[in-house]
Amino acid sequence: MGKRTAAGAVAGPPTVRETVLDNGLTVLVRELHTAPLASVWCWYKVGSKDEGPGLTGVSHWVEHMNFKGTRNIPRDQVKGLIEQFGGTWNGYTWIDQTAYIETASIDALDRMLFIEAERMDACLYDPADCESERTVIISELQGGENDPEERLDQEVTATAYKTHPYRHPTIGWLGDLQSMTRDDLYGHYRRFYIPNNATLVVVGDVDTDETLRRIDHHFGRISAGAAPPRVTTVEPPQAVERRVVLRRPGTTAYWRAVFHAPAVTDPAFLPLLFVDAILNGASGLNIWNGHGVPVPQRSARLYRALVDRGLASSVSGALLPTEHPYLYTVASTVADGQTLAAVEDVMLAELARIARDGVTEAECTKVRAQLRARFVYDGDGVTDIAHQLGFFQTIAGWRLYHDLQARLPQVTVDEVSAAAARYLRPDNRTIGWVEPAGAGGAVPAA
Amino acid sequence: MPLSPHRHILPNGLTLIVQENRATPAVSAVISIAAGAVDDPPGREGTAALAARVIDRGSTGLDAAAIADILDARGAALSVSAGRHRLAAACTCLAEDIDEVLVLAARVVITPEFPEHEVVTRRAELVTDLREAEDDPASVAVDRMMAALYEGHPYGRSPHGHVASVERIDAAALRAFHAATFAPAGAAIVLVGDLDAARVVEVVERAFGAWRASARPVLPVPPSPPPGERRLIAVPMMDKAQTDVAYGLTGLARSDPDHDAAWVMNNALGQYAIGGRLGDSIRERQGMAYYVYSRLDATIGAGPLYVRAGVSAANVERTLASIDDEISTVAREGITTRELDESKRYLIGSLPRRLETNAGIAAFLMEAEVFGLGLDYDQVLPGRIAAVTAGDVRAVAARLLDPAHATIVVAGPWAGTAAAGAAS
């Protein structure tokens, strides 16, 4: 249809200017003149895995505090700084990273850079604001607890890991949120919010040289800090299947299994991504993706085995790109009137089958096409493009995202089959059930 | 950059809108049909919702597996959803696949078969979703609020149905629903992406041109006067960690002359930055909630203007008092000049972001088509927002915002006060 670059080809690596300032700040700029917008993301290599005992949830709480005004942005002027330019802003904390984003009209570029520079070294941590935010965060935690699948995810993750700090949830454990102090928050902020632990990404209708000058103006004055401590814990290999069962009032049963999986830099990562796509349809590598293009899963193995047969109302898989080895998740909602045991029987039989018999060339061809499309959908718009650059920079280097895309044609049936056999072993998995006990839910309306 | 959509009406009455956008080698397509939950037969609430789940599970000569294979082999996504008034089939695919995807979409929309076994399987999925929603305080709060605020009105009927009503829907009911509501006149297709407008018109004409069907007349939405009194309904879910509040008022229709003023007013009340005035009070100053916001659901008829918040049970009364206070203040005084300017600048300034991606442009053009806002709505919208005055906002606030007519549902570990009506 119409003009295209090379028809159907995977896009070549984008033109990204990578610079490191004297203070260690990594800067990635990509010009994209399709809309009069710019997206600025500031990334820190600090996530929930970097939290010590008693401080679970501190990274996320710090993220919240970093929207509360700075030495040069009074508290009451935070509101509207970006909205005046029609923009949106946000932040998130995950296991390996914390990220802040503004996307707005190009006129706001300097404003966005100023905000991120302020956030890096001038946040206030007013004790009253810390206390007020404590209850906001506990409210966020309790909202999550209302969701049985989220509780199951926490329990299964905490069971799958014995030592590695990926075991605790990003939101933190309630006891830590109740006892943490303002100084704990501020200390964490000072330790990790330094230019040599950060990546600034700018994508949009910008001029690279001018943007780099403005970045130097705003960030060049910030001093480097001592290199932050890094997690060195290596999770011991799992040798036995583990199980958790949550019996709680509710209406619906949920099944989940997690398998220890390779880090994003491991050569087995991409083959295992193919395994997931064959089981569940390709969901891509953008955990932010605002567009929400549904996963093409109706011809996938687990969907046909479980959902089409009426045992489950949904099934999904997730292999997330992470710095250290994380988990491959398969999750399913048991259909009303069906049983956890029936879902588990079919699920485990399918997982055993792919581990034993491998995959076919036709399946690899299909999911390769799905992943190729997914890379296109996941790069629609300045915000998502900038997200992918920064996200990968915090776990492995931004080029890896494009390398993975370029390697799609080379992944072989044997590699995919080998990944299934290596990771989808019974002794590598933790299985979790939510088993509704007794009456749950609201009384149905008349 | 202003949009430059092409609008074309096929001889059978189907409207086609095409916007070229070469930013990525992909296409977003939305097909919108004038068939929604308002068309659900009495006692069979959830018919449109179930039709959306089954419609792409079989068409003449293609079973569900064959349809899935065609889409999945291309990494194309097709998702069908039913709203109150319209059913939408949204497709995302690579540009090279748009012809095949459109041909398939036409078969799905025009000649669905609703196979018996598929109806049984997808009905059980919908029932599972309904059962999950019964255990979710946020869903419970909104559903009960809508049922009470719009008692006796089509908007008071759940668009997803109830377990009992859904279990009464069979294949014959879905086929009857399709026959009664699906027709090219009143339907619209929006295509946005890396495509050639002239050529894609031909593809759509080939795929949809033979569609001959007429639908029963669309009934006007009855008026929805505000309830005569304030109601507070507690739905105790004592095993939950947090309560969800849904605080509903009757809003206005998208075509109401006061719509744009209400849009600006709602932005200041419960949207701007983190939740406008409501967010300032309940989240920022009082630290009671992770989320609090208001939403204006202006559609064909007067949908609700409602506030949502998730708070600890201990803070329910204080939250309701704060919402009452903010709403009363805006009703009495309107918003400040600064708030007016900020919200207007935001709504105008955010337009380029809304129109950045294929999916964003498609949603915008479809909204303009469905509500008759004009093919140049992206160009007239800034002027319409800019023209809203403080007096307009004050007038619409006085018209819509009145705590004395609020319908409030609190779902979660809160058993209510003496003033709260018992839920049953």
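**Notebook: strands, sheets and the contact between chains A and B**

I began with a pair of strands in chain A and found that strand S8 (residues 254-260) and S10(A) pair in the antiparallel sense over seven bridges. I note here that the model is a predicted one, and I read every entry below with that in mind.

To fix the register of this pairing, I looked up one bridge and saw that A:Val258 stands opposite A:Thr329 in S10(A). I then turned to the pairing of S10(A) with strand S9 (residues 312-319) of chain A, where seven bridges join two strands that run antiparallel. For the register there, I recorded that A:Val315 has A:Ser332 in S10(A) as its bridge partner.

**Burial of S10(A)**

Is strand S10 of chain A mostly covered or mostly uncovered? I found it mostly covered, since eight of the eight residues in the run 327-334 are buried. I also sorted the residues by direction: A:Leu327, A:Thr329, A:Ala331 and A:Thr333 point one way from the strand, while A:Tyr328, A:Val330, A:Ser332 and A:Val334 point the other way, and all of them are buried. The two residues I had used for register, A:Thr329 and A:Ser332, thus point in opposite ways from S10(A).

**The sheet around S10(A)**

Next I followed the sheet outwards, and I wrote down its order as S7-S11-S8-S10-S9 in chain A, which makes an open sheet of five strands with mixed pairing. Strand S7 (242-248) and S9 of chain A stand at the edges with a single partner strand each, so one side of each has no neighbour in the sheet. From one strand to the next, the twist averages 10°.

On the other flank of S8(A), I checked its pairing with strand S11 (residues 429-436) of chain A, which is antiparallel and comprises six bridges. The bridge I noted there joins A:Tyr254 to A:Val434 in S11(A). I also looked for a helix against this sheet and found that helix H8 (residues 269-280) of chain A packs on it, touching S9 and S10 of chain A, with a direction that makes about 170° with that of S9(A).

**Chain A as a whole**

For chain A, I recorded 14 helices and 11 strands. The radius of gyration of chain A is 23 Å, close to the 22 Å that the globule rule gives for 446 residues, so chain A is as compact as a globular protein of that length. Its C-alpha trace spans about 60 × 55 × 50 Å along the principal axes, and buried residues make up 53% of the 446 residues. Of the contacts in chain A with a separation of 6 or more, 81% are between residues 24 or more positions apart.

**Chain B and its sheet**

Chain B has 16 helices and 14 strands. With a radius of gyration of 23 Å, close to the 22 Å given by the globule rule for 424 residues, chain B is as compact as a globular protein of that length. The C-alpha atoms of chain B fill a box of roughly 60 × 50 × 35 Å along the principal axes, and 59% of its 424 residues count as buried.

I traced an open sheet of six strands in chain B, in the order S1-S2-S8-S3-S7-S6 and with mixed pairing. Its edge strands are strand S1 (6-9) and strand S6 (77-82), each pairing on one side only, and the twist averages 15° from one strand to the next. Within this sheet, I saw that strand S3 (residues 26-33) and strand S7 (residues 87-94) of chain B pair in the antiparallel sense over eight bridges, with B:Ile31 opposite B:Ala89 in S7(B).

**The nonpolar core**

Which residues touch the most other members of the largest nonpolar core? I found B:Ala105 and B:Met265, in a core of 274 residues. The largest share of this core, nine residues, comes from H8(A), the helix that I had already seen packing on the sheet of chain A. Leaving aside neighbours within four places in sequence, B:Ala105 is in contact with B:Ile31, B:Leu78, B:Ala89 and B:Cys91, and two of these, B:Ile31 and B:Ala89, are the residues that stand opposite each other.

**Where the chains meet**

Last, I looked at the contact, which takes 67 residues from chain A and 71 residues from chain B. Strand S5 (98-105), helix H3 (127-145) and helix H11 (361-377) of chain A each supply at least two residues of the side of chain A that touches chain B, and the largest share of that side, nine residues, comes from H3(A). By class, I counted 22 nonpolar, 30 polar and 15 charged residues on it.

Notes. Residues numbered from 1 in each chain as written. Chains lettered and ligands numbered in written order. Predicted model: local features only at pLDDT ≥ 70, side-chain atom pairs only at ≥ 80, totals over all residues. Buried ≥ 20, exposed ≤ 12 C-beta atoms within 10 Å, placed from the backbone. Helix = DSSP H or I, 4+ residues; strand = E, 2+ residues; numbered from the N terminus. Pairing = 2+ DSSP bridges. Axes fitted to C-alpha atoms, helices over the stretch in contact; angles between N-to-C directions. Contact = placed C-beta atoms within 7 Å. Nonpolar A, V, L, I, M, F, W, Y, C, P; charged D, E, K, R; others polar. Rg over C-alpha atoms; globule rule 2.2 N^0.38 Å. Core = buried A, V, L, I, M, F, W, Y, C linked by C-beta atoms within 7 Å.
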